[in-house]
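Biologist: Let's skip the grand tour this time. I'd like a close look at one turn in this chain, and then a walk outward from there to whatever it leads to.

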Amino acid sequence: LVAQKVDVNRISYWKYDTDKLICLKLYIQNRNRFEKDIVLLKNDFPNYFKAVENETQIVATDVYSSSETAEFCSDYFPKFEVKSLLDTPIYINGSLVGVLCIESTTKIKQWDNEDINFARSIADFLTVVIETNQRLEADKKLAYKSDLLTAITKITNKLLSEKNLESIFDEILLTIGEAANVDRVHFFVNDSKSDTIQLKHE
């Protein structure tokens, strides 16, 4: 949809990871194909990284005449036939998290204000999506920690109240499995006499 709106062939989202950018999703419109996992290293493109790390939206009508994209001219642009580029950094709480990249490969694209503002709007939308996902992940981690604490309490009470060793192990392993959300939990005992490890409970 974005590719059609701004009349380009390539649109992608890159995750920022301190010393590199990792392409998480690239859509090539004229081939109707998705790709990913392209990596750009900061050491190879220091000026470009400096620009996006300073919250600069890179608007390059002709990528071969832009100082901010000059580092891509020897390899990346010829390889992917990029002629024009519009890159918008995405920030959350003052930190760079990614870059929305819009590239034209069939013609030199004269980026107008509508294109630039549209790219910013899509970047804002991605910001909301990323923030929402981060909150959901944080909630999951809190729930997981809560389950583990509950399991620890349950195990402690079992150890204090139960004298039957078999019963203790059965319930402890079951509690650990449920809290950790795994299918199988094993307990092995080391036999120093035979120098072997034996499965005692699962």
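The residue I keep coming back to is Asp17: at what relative accessibility does it sit, and what does it count as?

Modeller: Bear in mind that this is a predicted model. Asp17 has a relative accessibility of 33%, so it counts as partly exposed: over the 20% limit for buried, but short of the 50% that exposed requires.

Its partner is a good next stop. Asp17 makes a salt bridge with Lys20, with 3.3 Å between the closest N and O atoms. Lys20 is partly exposed as well, at 22%. Asp19 joins in too, since Asp17, Asp19 and Lys20 are linked in a network of salt bridges.

Now for the turn itself. Strand 1 (residues 10-16) pairs with strand 2 (residues 20-28) in the antiparallel sense, over seven bridges. Three residues separate the strands of this hairpin, and Thr18 takes a positive phi there, near 65 degrees. One rung of the pairing has Lys15 bridged to Ile22 in strand 2.

Strand 2 has other partners. Three bridges join strand 2 to strand 4 (residues 39-41), also antiparallel, and here Lys20 turns up again, with Leu41 as its bridge partner in strand 4. Strand 2 is also joined by three bridges to strand 3 (residues 33-35), antiparallel once more; one rung there sets Leu26 against Glu35. The hairpin of strands 2 and 3 has four residues between the strands, and Asn32 has a positive phi near 50 degrees.

Glu35 does some salt bridging of its own: its side chain meets that of Arg33 at 2.4 Å, N to O. Glu35 is partly exposed at 26%, and Arg33 is partly exposed at 36%.

There are five salt bridges in the whole structure. One of them pairs Arg10 with Glu103, the closest N and O atoms lying 2.8 Å apart. Because Arg10 belongs to strand 1 and Glu103 to strand 7, that pair ties together parts 93 residues apart in sequence. Both Arg10 and Glu103 are buried.

Glu103 also leads us inside. The search of the whole structure turns up one cavity of 30 Å³ or more, holding about 70 Å³ of space. Its lining includes Trp14, Leu21, Leu40, Tyr48 and Glu103. Strand 6 (84-92) and strand 7 (95-104) are the elements giving two or more residues to that lining, and strand 7 gives the most, with three. By class, the lining is nine nonpolar and two charged residues, with no polar ones.

Let's finish with the rings. Nine aromatic pairs come out of the search. Tyr27 and Phe34 make a tilted one, 4.9 Å between centres and 40 degrees between planes. The two partners differ in exposure: Tyr27 is buried at 18%, while Phe34 is exposed at 53%. Tyr76 and Phe77, on the other hand, pair edge-to-face, at 5.9 Å and 70 degrees, and both are buried. That pair belongs to one aromatic cluster, made up of Phe45, Tyr48, Phe49, Tyr64, Phe72, Tyr76, Phe77 and Phe80. Tyr48, Phe72 and Tyr76 are also among the residues lining the cavity.

Conventions: Residues are numbered from 1 along each chain as its sequence is written. This is a predicted model: local features need pLDDT of at least 70, side-chain atom pairs count only at pLDDT 80 or more; totals for chains, interfaces and linings use all residues. Side-chain values use heavy atoms; hydrogens and water are left out. Rings of Phe, Tyr and Trp (its six-membered ring) pair if their centres lie within 6.5 Å; planes under 30 degrees apart count as stacked, over 60 as edge-to-face and the rest as tilted. Buried means under 20% relative accessible area, exposed over 50%, partly exposed in between (1.4 Å probe, protein chains only). Two strands pair if DSSP finds at least two bridges between them. On a 1 Å grid over the protein atoms alone, a cavity is a set of points where a 1.4 Å probe fits but cannot get out, and a pocket is an open set with protein on both sides within 12 Å along at least five of seven lines; lining residues have an atom within 4 Å of a point. Grid points are joined across faces, edges and corners, and a volume is the space filled by probe spheres set on the points. Ala, Val, Leu, Ile, Met, Phe, Trp, Tyr, Cys and Pro count as nonpolar, Asp, Glu, Lys and Arg as charged, and the others, Gly among them, as polar. A salt bridge is a side-chain nitrogen of Lys or Arg within 4 Å of a carboxyl oxygen of Asp or Glu.
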